[in-house]
Amino acid sequence: MKKELQFLATAFRAEWLKIKGLGLLTFGIAIAAILPLLMFVTHIFFEESRNFEGAANSYPGLFIENGLSSYVGFFLLLFIIIAAARVTQTDHKNNGWVFMETQPLSKFSIYGAKFLAVVLLSFISLVLFFLFSILISYIDLAIFPREKLHFDIDILFILRTFIRVFVMVLGIISFQLMLSVMIPGFIWPFVIGFVGFVVNVVARIRQETYDFLVYNNLDTSLHFTNSAVLNRFFNYSDLLSIFWAVFFFIIGYQYYRNRGLKNAFFKNAATIAKTVGVLAVFVLIYFFLTKPIYPQKLENITIIEGTLQTDKPVKEIYLMDQELQNNIAVIPVVNNTFRWETKESVPFSNYIIDVEKRFIPIVLSKGDHLQFEIKKDDRNFDVLRKGTRKAEVEYLDTNTNMYSSFYNRTVQNKELADEPKAFYREAKKEWETLKKDLSKFRTKENIHFGEDFKNFKMQQGAVKMLGALHDYQMMTSFTDKEFQIPADFKKELETSIKKPAELLMTTDEYKAFRLKSLLPKEGTKNPDSIIFAKLSALPRSIEKDRLLSFQLLKILKITNDEEKRNSLYEEKSGQFMDSRYRDHVNRQLVVINNQQKGKPFPVFQFENEEGKTVNLEEFKGKYVLIDFWATWCAPCKETSPVFEYRAKEYAFHNNIVFLAASIDEDKNKWKLGIKNNKSDVTQWWLKDNKALNSIGVQSIPRFMMIDPDGKIYNADMPRPGETAFQEILDEVSGTRFNFNMIF
């Protein structure tokens, strides 16, 4: 062993001497410097590239994180491909392999030295990238100071990121070296390496992961430029990189040692048996590394914990039930940390963590362990999640508003009304797609969601599908055999919701489906009356409370007379078994009454840009269109430009005022946010943002219109980009054509 190490050291020194003459070290330094310099030059010439609106952060760490994917996924990958080819092609050309073998060296030391040479070159380039990034970030921040960015270096972040990146490139190095040893020319190893880069681009576009491709393991690992989001120190794809490094090293070495694939692996029966045995071991290791990760539940306890960084002290946060928005627990915050645990049963459902009216939606059940790192200031609210339920969160984020040709086109546009076979074929295809997606879904950490969530999403999909099929039959025929739902399809859907999950029963889709099932198939002129009558006949239960509250709120929202709303509530409130549902409807009734068209708008105190106290009395005699927003609200930033555009469109209508009312806690943040923003929109700041609770504003952006008498005209306007928004403006501005007058 000692002799082999001496051989390896000697061979490595020889390789390093050759490398100096190939210019690879200089190339590695250039590769490390080019991206940080490009980022710096971009910041010099493009002011918008210097904008930073996130929470307080270390700029060196952020600078590295922003450039990491591009550097490793392109520049370092290109460098490895070229370096591996150059290290081997020189010996291919001048027969250096034979010369090295005449020396007192082993073939293992010769091959291993080449591998170590490429590893060291990559290591040096990687170290220099980190150093260049830190140095240039210091220069950048010194020249262009930004309020929330600081010079501190997070050593733990730097170290963990460096180790992970170094590990994740080992597989690529081993594979490219193997190719370059097997193929004498430079072009083919380079082309194959470039194809690997293209595969990564395709995988990213298709949102797919190919564990069996070493190049895609690199791209999967780079999905997490901030290692702090990982549940474990190494992602499974990082471990796969080590696996591929060993696998391809053995193949490459055996090929070199035996002068070809046949001699190395298929020379005789013994060699073939050995090859099959080793391959079987590697296949088992591969499947072990790639097997689905199902987060382990805790026994008899549920935990929510984390850290909270804020610009102002926070004493407590709240855990709320999403369905009824009741507080379940008050969680104290001590030294910027919080922890809540319970041994009581926690129903599988949607919940909300309320951090001073910034909401984090979560899925929770007994045995879950959720961990959070929360950064909050007046403008930002950044949440890093770990622990169980990561797959559920990612699935909901990426699939909630996915386009479906069946629902968004066929159902919505009432297509295939005369083609039942085609309609049901499309429906089955949609159902099978859902089942397939739920079965194969996993995160880039290879985490799959729990069986309870999968069952819930399947049931939710079944309810949605049954609703669509019911509406189709209502549009066509319930009695005509041609329009009957295929029996096996209907049975499968109905069987899947026989035992509805607790979370399913809280959804509006399920409640609407259950209420629809109470109606006669032949239809009726008074569906709401029949539903109320059927609900009254049901025995008291939580399910009845859910259905009754849903139906009652639906009718209360479309009833224009406040007295009738209050009377209806009084009539039905005695049917509730659980007072929480009755109180929930009562709270919503107060909001509905306060938002009623014609109701006087509350007197809010605002402040204008000059610091003068103002109120809506200034605009008496005009329609006032209000955009409630905040500088920290990302959706607000998307709608604000459209709101500005609408203000310009209607600038010549003297009876309409466009008002942007900020609800920022710190008015200086608001002033900074509108600095140098000259527009047709009046900019005010709401002194007490809690006043919005009286008119039921729970989230922003929120658009309202006040009539010339200071009364509510529309308490929940559509978004500025919607056609309905413009229709309301045309209505009050008098620009809508009256065709009756024309003709």
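Colleague: Is Phe 456 buried or exposed?
Modeller: In this predicted model, the residue sits in helix H16, which covers residues 451-475. Its relative accessibility is 4%, and since a residue counts as buried when that value is under 20%, Phe 456 is buried.

Colleague: At what angle do the ring planes of Phe 348 and Phe 456 stand, and which kind of pair do they form?
Modeller: Phe 348 is likewise buried, with a relative accessible area of 11%. The centres of the two rings are 6.4 Å apart, and rings pair if their centres lie within 6.5 Å, so Phe 348 and Phe 456 qualify as a pair. Their planes stand at 80°, and because an angle over 60 degrees is the criterion, the pair is edge-to-face.

Colleague: How many residues apart are Phe 348 and Phe 456?
Modeller: Phe 348 belongs to the loop between strand E6 (337-342) and strand E7 (349-355), whereas Phe 456 belongs to helix H16. The pair therefore links distant parts of the chain, and the separation is 108 residues.

Colleague: Which kind of pair do the rings of Phe 643 and Phe 703 form?
Modeller: Phe 643 is in helix H24 (residues 634-649) and Phe 703 in strand E16 (residues 702-706), so their pairing ties together parts 60 residues apart in sequence. Both Phe 643 and Phe 703 are buried. The ring centres are 5.6 Å apart and the planes meet at 40°, which is neither under 30 degrees nor over 60, so the pair is tilted.

Colleague: How many aromatic pairs does the structure hold?
Modeller: Beyond the pairs discussed above, one aromatic cluster is formed by Phe 175, Tyr 215, Phe 243, Trp 244, Phe 247, Phe 248, Phe 282, Tyr 286 and Phe 287. For the structure as a whole, the number of aromatic pairs is 55.

Colleague: Over the ring of which residue does the charged end of Lys 464 sit?
Modeller: There are charges placed over rings in this model, including that of Lys 597, which sits over the ring of Tyr 713 at 4.3 Å from its centre. In the case of Lys 464, the charged end is 4.2 Å from the centre of the ring it sits over, and that ring belongs to Tyr 407.

Colleague: What distance separates the end C-alpha atoms of helix H15?
Modeller: Helix H15 runs over residues 420-440, and at 1.5 Å a residue its 21 residues should span 30 Å. The distance in the model agrees with that expectation, because the end C-alpha atoms are separated by 30 Å.

Colleague: Which helices are included in what covers the buried residues of H15?
Modeller: The buried residues of H15 are Pro 420, Ala 422, Phe 423, Tyr 424, Ala 427, Trp 431, Leu 434 and Leu 438. An α-helix has 3.6 residues a turn, so residues three or four places apart point the same way. The cover over the buried residues of H15 includes helix H13 (390-399), helix H14 (405-411), H16 and helix H17 (487-496).

Colleague: Which residues does the disulfide join?
Modeller: A search of the whole structure finds one disulfide, with 80° about its S-S bond, and the link is right-handed. Both of its cysteines are buried, Cys 633 with a relative accessible area of 3% and Cys 636 with 1%. The sulfur atoms are 2.3 Å apart, and the residues joined are Cys 633 and Cys 636.

Notes. Residues numbered from 1 in each chain as written. Predicted model: local features only at pLDDT ≥ 70, side-chain atom pairs only at ≥ 80, totals over all residues. Heavy atoms only, no water. Phe/Tyr/Trp six-rings, centres within 6.5 Å; stacked < 30°, edge-to-face > 60°. Helix = DSSP H or I, 4+ residues; strand = E, 2+ residues; numbered from the N terminus. Buried < 20%, exposed > 50% of the residue type's maximum accessible area, 1.4 Å probe, protein only. Lys NZ or Arg CZ within 6 Å of the ring centre and 35° of its normal. Expected span 1.5 Å × (residues − 1). Contact = heavy atoms within 4.5 Å. Disulfide = S-S within 2.5 Å.
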